[in-house]
Amino acid sequence: MNKKSILIAAVAVLVIAIIGVTYLLFTEKQANRELVQEFQLDKEDLENEYTRFAQQYDELKMTISNDSLSQLLEQEQLKTQRLLEELRTVKSSNATEIRRLKKELATLRKVMIGYINQIDSLNKLTAQQKQVIAEVTRKYNQASRQIDNLSEEKKNLDKKVTLAAQLDATNIRVEPRNKRGKVAKKVKDVVKLAISFTIVKNITAENGERTVYIRITKPDNDVLTKSASNTFPYENRTLTYSIKKYIEYNGEEQNVNVFWDVEEFLYAGNYRVDIFEGGNLIGSQTFTLN
């Protein structure tokens, strides 16, 4: 084989290799694009699923003549509509509430399966009614598959939102102290509340200065504060805080201690401490003064 033939063969091999690499890159790019589109599902998708699910109860009620069962279906439909209204008021970034409402929808789905089985066991339906039930079941199964897909995609999205945007406070402790710095056993002896908690490790959170707000709520739901102007924004409203604490967060576990000097009358009962940071409620704890 002469040099020209070798060169032609080498060029042909190179062209085939380039075509193969280009195809692989195009396939990978297409897969990545589809994955990004899947992660863009948001709260509106879950609202649509709730809406369709509520409508399916109407179709299911058309297939039965049993008044008792019809009333039960009506109750479940009202519950579905109530949960839909709750979902519409939840912020799209509130991963915890969206996760809870997805679990509620899964429970409603199991309940509907039970009702479908009861209707089938009655065996008193006409051929036309059975056909309607089959159609409802088909739509239900289709909706179930969509909900399952949405649940898995939302789970991944929720993890990203939680890890990237929200800190968590744990090990919250409140210790009432008397004027000698010891633990006060009676509410009338309390002169200071020592509050401690731990900001958990989160290497994906942004480092830097953070402002932590602590609210101490009395049994009558009034908030202890030194000034009416001590407020901070939270979910499109303004809340009063008791203590404001600046911390330098570096992604590692961090212990925080704050103190409230008692200058007002405290009475026996159940109190609550709520901790906020970055527009999120990151921890809560109740305590009792006797």
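1. Let's start with the largest nonpolar core of this predicted model. The core has 30 residues, and those that touch the most other members are Ile195, Phe197, Ile199, Ile214, Ile216 and Ile275. Strands E1 (169-177), E2 (192-199), E3, E6, E7 (254-261), E8 and E9 each give two or more residues to this core. The largest share, four residues, comes from E2. Apart from this core lies another one, made of 22 residues, including Tyr50, Leu83, Leu84 and Ile116.

2. Isoleucine 275 is a good residue to click on next. Leaving aside neighbours within four places in sequence, isoleucine 275 is in contact with Ala169, Ile172, Phe197, Val212, Tyr213, Ile214, Asn280, Leu281, Ile282 and Gly283. Two of these partners, Phe197 and Ile214, are also listed with Ile275 among the core residues that touch the most other members.

3. For orientation, here is the overall layout. The protein has five helices and nine strands, and along the sequence the pattern is α-α-α-α-α-β-β-β-β-β-β-β-β-β. Of its 290 residues, 34% are buried. Among contacts with a separation of 6 or more, 69% are between residues 24 or more positions apart. The accessible surface comes to about 18,000 Å², and carbon and sulfur atoms account for 51% of that.

4. Now to the sheet. Four strands form an open sheet in the order E6-E3-E8-E9, and the pairing is antiparallel. Strand E6 (243-249) and strand E9 (280-289) are the edges, each pairing on one side only. From one strand to the next, the twist averages 20 degrees. As a reminder, strands of a sheet pair through backbone hydrogen bonds, either parallel or antiparallel.

5. E8 deserves a closer look. How many bridges join strand E3 to strand E8? There are six, between residues 208-217 of E3 and residues 269-277 of E8, and the two strands run antiparallel. Within this pairing, threonine 217 has arginine 272 as its bridge partner, while valine 212 stands opposite glutamate 277. E8 is largely enclosed by the rest of the structure, because seven of its nine residues are buried.

6. On to the pairing of E8 with E9. Nine bridges join these two strands, which again run antiparallel. Glutamate 277 of E8 stands opposite asparagine 280 in E9, so you can follow glutamate 277 across to valine 212 as well. E8 and E9 form a hairpin with two residues between them, and glycine 278 in the turn has a positive phi of about 60 degrees.

7. One polar residue in E8 is worth your time: aspartate 274. Is aspartate 274 buried or exposed? Aspartate 274 is buried: its relative accessible area is 7%, and the cut-off for buried is under 20%. The side chain of aspartate 274 makes a polar contact with the side chain of serine 284, at 2.6 Å. Not counting residues up to four places away in sequence, aspartate 274 touches Tyr213, Ile214, Arg215, Thr217, Leu281, Gly283 and Ser284.

8. A last comparison to try on screen is aspartate 274 beside isoleucine 275. Tyr213, Ile214, Leu281 and Gly283 appear in the contacts of aspartate 274 and also in those of isoleucine 275. Serine 284 is in the list for aspartate 274, and Phe197 is in the list for isoleucine 275. When you view the pair, keep in mind that in a regular strand the side chains alternate between the two faces of the sheet.

Conventions. Residues numbered from 1 in each chain as written. Predicted model: local features only at pLDDT ≥ 70, side-chain atom pairs only at ≥ 80, totals over all residues. Heavy atoms only, no water. Pairing = 2+ DSSP bridges. Axes fitted to C-alpha atoms, helices over the stretch in contact; angles between N-to-C directions. Buried < 20%, exposed > 50% of the residue type's maximum accessible area, 1.4 Å probe, protein only. Polar contact = N/O pair within 3.5 Å; in protein donor to acceptor, adjacent residues only side chain to side chain. Contact = heavy atoms within 4.5 Å. Core = buried A, V, L, I, M, F, W, Y, C linked by side-chain atoms within 4.5 Å. Areas by Shrake-Rupley, 256 points an atom, 1.4 Å probe, with all protein chains shown as cover.
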